[in-house]
Amino acid sequence: MTSPYCVSVTGGVASGKTALTRRFEALGIRVADADIAARTAVAPGSVGLAAIVETFGSDVLDQDGALDRAAMRRRVFDDAAARHRLEAIVHPQVRALLHAECLAASGPYVVAAIPLLAEGGGRDAYPWLDRVLVVDAPVDAQRARLTQRDGIDSTLADRMIASQATRAARLSIADDVIVNTGTLAALDAHVDALDAHYRVLAAARAAGLESSPATAA
């Protein structure tokens, strides 16, 4: 089976990834979501959940035996070593689930929404990606969106932003960039242009032609 042309959407917290992927879905493009894959990877009865309990103890489970995500976040938020242990359990399974979903997708191309692409090994960890689209936003915009969306203070917002890869690290793996500081209408226009671009690239790859240069919006 020929692998479909696969575009990854990534970006920092509160950069606008969900708004972007919804627009691709509205254009009929299948979106494979790493957040959904991550929940599947640690569902009750899964190998992933068993490995987490073995590593961190049963106090990360809720009363129904499912992963207590809030407790797990607290456990790893300020502990880089613990976070790396958790990622070493979850990330390989998420990659496998995403790859399988992308392989099964129909349409001109498929989008893989991977918020932690830079943190999870980038292109080396996902060699089957054809292109990377980074949704970029200044830290000030991320902070403002987090405080409004999640009802948290700026100190916690800054800690959340700092716990992720830097903007420079994300941009270093980008083929295409959307700076998401404008209106929703502007975002629609960016997505329409990229959709047309990706359809051309997918058709060119299927015909055995070379990809075109990176773009920014």
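Modeller: In this predicted model, a cavity is a set of grid points where a 1.4 Å probe fits but cannot get out, and its lining residues have an atom within 4 Å of a point.

Biologist: Which residues line the largest cavity?

Modeller: The structure holds one cavity of 30 Å³ or more. About 30 Å³ of space lies in the largest cavity. By the 4 Å cut-off, its lining is made up of S3, P4, C6, H99, C102, L103, V110 and W128.

Biologist: Which helix gives the largest share of that lining?

Modeller: The lining divides into six nonpolar residues, two polar and no charged. Among the lining residues are H99, C102 and L103. The largest share is three residues, and it comes from helix α5, residues 80–104.

Biologist: How far apart are the end C-alpha atoms of helix α7?

Modeller: Helix α7 covers residues 139–150, which is 12 residues. At 1.5 Å a residue the helix should span 16 Å, and the model agrees, because the end C-alpha atoms are 16 Å apart.

Biologist: What arc around the axis do the buried residues of α7 cover?

Modeller: Buried here means under 20% relative accessible area, and in α7 that applies to A141, Q142 and L146. They lie on the same side of α7, because the arc they cover is only 130°.

Biologist: Which exposed residues does the face of α7 turned away from its buried side carry?

Modeller: The cover over the buried residues of α7 includes α8 (154–162) and α9 (167–171). Exposed means over 50% relative accessible area. On the face turned away from the buried side, the exposed residues are D140 and Q148.

Methods: Residues are numbered from 1 along each chain as its sequence is written. This is a predicted model: local features need pLDDT of at least 70, side-chain atom pairs count only at pLDDT 80 or more; totals for chains, interfaces and linings use all residues. Side-chain values use heavy atoms; hydrogens and water are left out. On a 1 Å grid over the protein atoms alone, a cavity is a set of points where a 1.4 Å probe fits but cannot get out, and a pocket is an open set with protein on both sides within 12 Å along at least five of seven lines; lining residues have an atom within 4 Å of a point. Grid points are joined across faces, edges and corners, and a volume is the space filled by probe spheres set on the points. Helices (H or I, at least four residues) and strands (E, at least two) are DSSP runs, numbered from the N terminus. Ala, Val, Leu, Ile, Met, Phe, Trp, Tyr, Cys and Pro count as nonpolar, Asp, Glu, Lys and Arg as charged, and the others, Gly among them, as polar. The expected span of a helix is 1.5 Å times one less than its number of residues. Buried means under 20% relative accessible area, exposed over 50%, partly exposed in between (1.4 Å probe, protein chains only). The arc is that of the directions from the helix axis to the C-beta atoms. Contact means heavy atoms within 4.5 Å.
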